[in-house]
Structures are given as C-alpha cells and as structure tokens.
Amino acid sequence: AHPSKATTGFRHQNISNRMSSIELPPRNRDPERSPGTEPSAGEAVSAYSGWLLPTCAVARGVALPGSFLVFVLYWALVFPYMTGPLHPLSVLTHGANFLVMVADMVITRQPYPLLHGFYFWSYAILYVMWTMIFYFAGLLAPCSCADDDDAPQPGCRERGDDDEADECRFIYSSLNWAYPSGTGTLSAVIVLLVVPMSVSIFHIIILNIRGTQASTTQGSRRPALMRQESVEAFRQGFVDMLKHEFRRERLYPDTLHENWADAFAQCGISGVSEKAYLALRAGLFGFMTAVLVWSLAADGEGTWFIYLTHWTLVIEVGYLGSALALTHQAQQKGAPVVTTASGFPSAGV
C-alpha cells in the first residue's frame, strides 16, 4: 500500500524540522552582519568573483571524466601500438592526471550533478569535430605508420626514405577519417555511450561517498548539507531522483552559488584542518602545473595544442587553480548563508 500524501508530508515535515534544528557553526556567516539578519541572494552571489565559481564548475565537469577518458583511450588504443620506449611524461599526462582528479574527488566530496556531464559531452563532440577539421583541412601531425614507404596507410605522408610515414592527416590513428565508417562508429560509441557512462559512474561514486560521510560525521555544516541532498532528492525513490537531477537549473555552472563557501572551505574528510586542506589543494595544483610546463617544454614539433591529452590537461589545471582560489577565499572571508523559510540553508547541491 502506498502512503497517503498526508503521511508523506508529515514525514517530510518531521525530517525538515530535525534538519533545521541542526546547529550549524557560524564561521561562514558575514562577521560584519548584525545577528538575526540574512543576506539577499544577490549578496550571496556577489560574495565570490563573478567568473571564478562558474569557471571552476565547468572545468570540473570536464576534467574529472575527461582525465578518465584520456587515461582509458591512451592505454587501450594508443599504448599497445607504440614502437618506442614509454616516456615518464606520458605516464604523468595519461595516468597521474587522472589520479590527481580522483584524489581531489575524495578530499572534496563535492557533488557532481548529472547535468554537469553536458559540459563533458559538449567537450567530446567538440574534439571529434576538431579531428574531422584537422583531417579534411589537410593539416599534418608527426606520426609513425605501420606500412612501408611504398604503400603508407591512408592519411600518412612520408618525409624520409625509411619504413615510417612521418606526417599524418590524423591526430590519432584510431580516429583516422580516411576510414570514415570505422572512425565514425568509434566516435559515436565514445560520445553516446562512453561519455554518459563515465558521467554516471562518477555521479554515483560521489553520491555514495557523500552519503557515507553524511551518515557518520556530526557537528559539521557539510554533512548537514549532504543529508539535505539525500533527503530532498531521494526520499521517494529513483524516479524522483531523476526528476531532481534533470531540473533545468541543475545545468547551470553556479549550481552551488548559495552555499559555495561551505562546499569549498572544509575538507570532505573529517579531521583535516582548513590549513591542511588548503595545502592539499595547493599541492595538487602545483603538481599538475609542473606537469603542464614540462609537457609544453617537451614539445618539439609545435603541435602541442592539437591533442586531447593536452586540452584536458589545461582544463584540469584551470579547475585545480580556480578551486584553490575559491577555497582560500572561503576560508579567509567566509560567506553569507541564504536560508529557506524553515531556517535551513537553501539547497544548491
């Protein structure tokens, strides 16, 4: 038997009452604001740099699943066909980059809205289109083809009298538009299957680790917000979860704008101080910045910007840098808190 609307409403009201009774630490309220007064939504949004939070959200929407895609595609489609030795830089840009994003995911435990996967989906389509433009415009990239000079594979052009074709009209041999049927099929699989699956996997993983912390940690504002997310989004099951996730406003890059300081000031792992958390974020940003600089310095062909690996590396460094800046800002200045009529912070997660 299904519960009546009155019963459901009563349960929800009890949940809301219990949640609103949670005493939240005052550190994120504006120290110059008089007690008992609340900021407007406009004041809450103006508490951070107008471009910083949307930039961070979009970059994370791409960098987290994007670094995973780079990792998988490289080791599955590129590495098996390499003829030379494996360079340490390749390990950093096709492995360590993903591990850094996993570490960031674990220590921050910030939500990953399903609709933020739209940024990654758009990014994947854009890169597929770039490979098409590159091929049909006759642009050339350094490469090594399996066939000999007398009959190089389509899209390759030799530069010397050896068994390697040194210039190719494709960026990656697996995306060689000289074979439109196979390349088109692979592109469709990546865009329509791999990308949505990657986004869904990270959404579910993050939802689980957030829920785990919310159920085991007390006395912190962030678990309170996580409990609100769980109750509000999933109290009536899978269908309502999808309705919640696919609301239009979930697409916006500043989804967290009303409680952004709570999402960035504190580590997602209990017991980690704010200073240690800031140092962790600075370490991740510094490490990937060093990898980016090394990768740029190692480019001897002037073709660094054509590769998906490097596009994603730039976006990842941009995310880590903007997240570090937001964390520092949240810890130094705090932020106004927008509350609902029940007295609980407005849901942005």
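Select the residues that line the largest pocket and colour them by character: 28 are nonpolar, 16 are polar and 2 are charged. The model is predicted, so treat each stop on this tour as a feature of a prediction.

**Stop 1: the pocket**

Keep that selection on screen. The lining holds 46 residues in total, and the largest pocket has a volume of about 1700 Å³. To find the middle, select Tyr74, Val78, Ile171, Tyr172 and Tyr307, which lie nearest the centre of the pocket.

Now show the helices around it. Helix H3 (52-78), helix H4 (88-108), helix H5 (117-136), helix H6 (180-216) and helix H11 (308-333) are the elements that give two or more residues to the lining. Which of the elements gives the largest share? Select H3: this helix supplies 6 residues of the lining.

**Stop 2: a loop residue**

Go next to the loop between H4 and H5 and select arginine 109, which lies there. Its phi is positive, about 55 degrees, although arginine 109 is not a glycine. Is arginine 109 buried or exposed? Its relative accessibility is 16%, so arginine 109 counts as buried, the cut-off being under 20%.

**Stop 3: the sheet**

Select the strands. They form an open sheet of 3 strands in the order E1-E3-E2, and the pairing is antiparallel. Strand E1 (141-142) and strand E2 (156-157) are at the edges; each has a single partner strand, so one side of each has no neighbour in the sheet.

In general, strands of a sheet pair through backbone hydrogen bonds, in either a parallel or an antiparallel way.

Look at one pairing in detail by selecting E2 together with strand E3 (residues 167-168): the two are antiparallel and are joined over 2 bridges. To see a bridge, pick arginine 157 and then glutamate 167 in E3, which is its bridge partner.

**Stop 4: confidence**

Finally, colour the chain by pLDDT. The average over the chain is 76, and 65% of the residues score at least 70. Where are the lowest and highest means among the elements? Helix H2 (residues 41-45) has the lowest mean pLDDT, 42, while helix H10 (residues 274-297) has the highest, 97.

Two stretches are worth selecting in this colouring. Over residues 4-46 the pLDDT is below 50, and this stretch makes 54 contacts in the model beyond near neighbours in sequence. Residues 335-349 also have a pLDDT below 50, with 58 contacts in the model beyond near neighbours in sequence.

Definitions and conventions. Residues numbered from 1 in each chain as written. Predicted model: local features only at pLDDT ≥ 70, side-chain atom pairs only at ≥ 80, totals over all residues. Heavy atoms only, no water. 1 Å grid on protein atoms, 1.4 Å probe; cavity = no way out; pocket = protein on both sides within 12 Å on 5 of 7 lines; lining within 4 Å. Points joined across faces, edges and corners; volume = space filled by probe spheres on them. Helix = DSSP H or I, 4+ residues; strand = E, 2+ residues; numbered from the N terminus. Nonpolar A, V, L, I, M, F, W, Y, C, P; charged D, E, K, R; others polar. pLDDT = per-residue confidence, 0-100. Contact = heavy atoms within 4.5 Å. Pairing = 2+ DSSP bridges. Buried < 20%, exposed > 50% of the residue type's maximum accessible area, 1.4 Å probe, protein only.
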